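Student: Could you take a close look at one loop for me and then work outwards from there? I'd like a connected picture rather than a list.

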Amino acid sequence: MKIGIIGAGLAGLSCAITLEKHGYDVDVFERRGMVGDRFVIAEAMFSMFQYPFDDGVKLLSETYDIHLKPSSNIQKLFCYSKNERCEMEGHLGFTNMRGKHPEAYEKQLADQFKGTIHYNYDASYDQIAKQYTHVVLATGDPSDSMKLQPFDTAFRASFKGAVITGSFDESEAHAFFDNDFAPKGMAYLLPHSDHEASLVLVYPQYPENEGLDKEVLWKKCVEECSKKLDQDFEILNEYEVKDYRIGKTESSRIGNTFFIGNCWGAITPVFGFGQFESMLTGIYAAHDIIGIGNYEKLVQPLYQGYHDSLTLRRRVEGLDNKQLDRLIKMLQNKYVEELITNKNINIFKWSAKILHPFSRKA
Ligand SMILES: Cc1cc2nc3c(=O)[nH]c(=O)nc-3n(C[C@H](O)[C@H](O)[C@H](O)COP(=O)(O)OP(=O)(O)OC[C@H]3O[C@@H](n4cnc5c(N)ncnc54)[C@H](O)[C@@H]3O)c2cc1C
């Protein structure tokens with residue numbers, strides 16, 4: 001058996017580490033000169049969206065022997081609409097660094113892989129498929145999957161983000177829902193430290209959003225978020241991402257080609273989380289190759305999660321600012337907060353059931 005993995009991101013590296021732990025040799029190809037060779041950003045993993053797993057970091061460590069050190073625990077999440085604010089408390093999840101940051105998750109994973117990563121190697125699927133019996137597609141880019149099979153695109157997202165300076169509590173995350181600057185989208189702020197954070201604006205590239213001036217939205221976003229936190233942020237490094245495709249493949253595996261991470265459809269559409277799912281798909285594909293699991297069956301709950309999350313997204317993005325105010329107000333209720341943050345409840349499943357009782361099957 002000869003295994004080639006295209007892409008040394010979260011999914012590809014999780015797959016490589018798992019295969020290596022079981023005694024398999026694997027070749028990993030990475031287009032960039034090092035892992036995480038892109039802008040620095042804080043990302044998050046929220047437990048309430050990972051049902052049935054209550055703690056993703058613990059699960060990866062105790063069940064799969066993959067060890068990650070997050071930047072901080074999120075103990076409070078503040079959600080803002082134009083005129084309302086709610087607060088959720090508890091062990092809500094983690095923030096972690098990505099990209100060029102020395103503690104980036106991709107770097108932490110690369111440190112746990114003893115084999116060789118072939119850097120500066122822009123691998124083509126055709127070429128790797130000729131040389132290897134098993135190919136794992138982990139480029140983080142669904143357009144690579146689309147060359148091999150149908151990919152159902154839910155939407156393409158446009159991001160604008162920056163590292164900002166201010167005064168932050170590392171255990172607090174902030175999410176902003178306001179159509180005036182995040183049309184059908186959101187902005188969020190995740191601290192890196194007590195004086196640095198990532199501020200990100202993301203919205204779908206629907207036809208009605210195409211004519212909007214991103215710079216104008218971004219300026220308003222920075223102003224509004226500063227106001228809500230009663231601060232005057234300084235912008236350090238800005239970056240942009242366009243055409244970030246969110247969707248899912250028709251098949252998780254074709255012959256001995258495995259689609260993992262974003263190449264499979266790891267991003268849950270409602271808030272754009274995909275790190276945990278990417279790592280799981282990498283591990284699951286490895287288990288199939290090793291012969292201790294069936295990839296198609298293992299990813300089925302993740303497909304269902306994707307589908308439920310998309311149902312919720314379609315409903316939330318239809319809300320205007322007044323309705324968003326009402327929603328955030330509703331979340332101020334202690335019982336509602338407890339329901340959402342309860343790790344024994346699958347929040348995507350129940351919201352999808354309520355919104356679309358007859359179309360829950362992925
Ligand atoms: C701005 C932004 C913010 C996000 N925030 C969050 C968040 O807060 N929480 C969360 O859970 N998720 C978040 N996500 C999503 C999350 O980052 C992804 O779901 C996850 O990184 C996907 O992992 P992956 O391994 O599939 O791809 P990646 O981690 O992107 O890795 C793909 C790798 O493949 C390499 N590659 C590409 N093409 C080739 C080729 N031809 N040959 C060799 N190598 C190649 C790339 O260089 C890269 O290293 C965010 C995404 C973005 C863009």
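Where does Asp 37 lie?

Tutor: Before the answer, keep in mind that this is a predicted model. Asp 37 sits in the loop that links strand S2, residues 26–29, to S3. How open is that spot? Asp 37 has a relative accessibility of 26%, so it falls into the partly exposed class; the cut-offs behind that are under 20% for buried and over 50% for exposed. If you want a long-range reference point, take Ile 290: 253 residues separate it from Asp 37 along the chain, and their C-alpha atoms are 30 Å apart.

Now follow the chain out of that loop into S3, because this is where the ligand comes in. S3 covers residues 41–46, and together with helix H1 (10–21) and helix H8 (275–290) it is one of the elements that each supply at least two residues of the shell around the ligand. In fact S3 gives the most to that shell, with three residues. The shell holds 31 residues, and the ones that come nearest to the ligand are Ala 11, Glu 30, Ala 44, Asn 262 and Gly 274. Sorted by class, the shell has 15 nonpolar, 10 polar and six charged residues.

What do the polar contacts look like? The side chain of Arg 98 has an N or O atom 3.0 Å from an oxygen atom of the ligand. Ala 123 takes part through its backbone, with a polar atom 3.0 Å from a ligand nitrogen. Ser 278 uses its side chain, placing a polar atom 3.3 Å from a ligand oxygen. As for how covered the ligand is, on its own it would expose 1000 Å², and the protein buries 94% of that.

H1 deserves a stop of its own, as another contributor to the shell. This helix has 12 residues, and its first and last C-alpha atoms are 16 Å apart, close to the 16 Å expected at 1.5 Å a residue. Of those 12 residues 10 are buried, so H1 is largely enclosed by the rest of the structure. The buried residues are Leu 10, Ala 11, Gly 12, Leu 13, Ser 14, Cys 15, Ala 16, Ile 17, Thr 18 and Leu 19. Ala 11, then, is both buried and among the residues nearest to the ligand. Just after the helix, Gly 23 has a positive phi of about 90°.

Your loop can also be set beside some others. Gln 149 is in the loop between helix H5 (142–146) and strand S8 (151–165), and its 7% relative accessibility makes it count as buried. Its side chain reaches the backbone nitrogen of Glu 250 at 3.2 Å. Glu 317, in the loop from helix H10 (300–316) to helix H11 (321–330), is buried too, at 10% relative accessibility. The C-alpha of Glu 317 is 9.9 Å from that of Phe 177, although 140 residues separate them along the chain. Asp 230 goes the other way: it is in the loop between helix H7 (214–228) and strand S12 (234–249), and 71% relative accessibility puts it in the exposed class. Asp 230 is not a glycine, yet it has a positive phi of about 55°.

S12 itself contains Asp 243, another non-glycine with a positive phi, here about 60°. Asp 243 is partly exposed, with a relative accessible area of 39%. Tyr 125, in helix H4 (residues 125–131), is also partly exposed, at 22%.

Finally, zoom out. The protein contains 13 helices and 14 strands, and buried residues account for 55% of its 362 residues. Its C-alpha trace spans about 60 × 50 × 40 Å along the principal axes. A compact globule with 362 residues would have a radius of gyration near 21 Å, and the 20 Å found here agrees with that. So that's the setting of your loop: a partly exposed Asp 37, with S3 at one end of the loop giving the most residues to the shell around the ligand.

Definitions and conventions
Residues numbered from 1 in each chain as written. Predicted model: local features only at pLDDT ≥ 70, side-chain atom pairs only at ≥ 80, totals over all residues. Heavy atoms only, no water. Near = heavy atom within 4 Å. Polar contact = N/O pair within 3.5 Å; in protein donor to acceptor, adjacent residues only side chain to side chain. Areas by Shrake-Rupley, 256 points an atom, 1.4 Å probe, with all protein chains shown as cover. Helix = DSSP H or I, 4+ residues; strand = E, 2+ residues; numbered from the N terminus. Nonpolar A, V, L, I, M, F, W, Y, C, P; charged D, E, K, R; others polar. Expected span 1.5 Å × (residues − 1). Buried < 20%, exposed > 50% of the residue type's maximum accessible area, 1.4 Å probe, protein only. Rg over C-alpha atoms; globule rule 2.2 N^0.38 Å.
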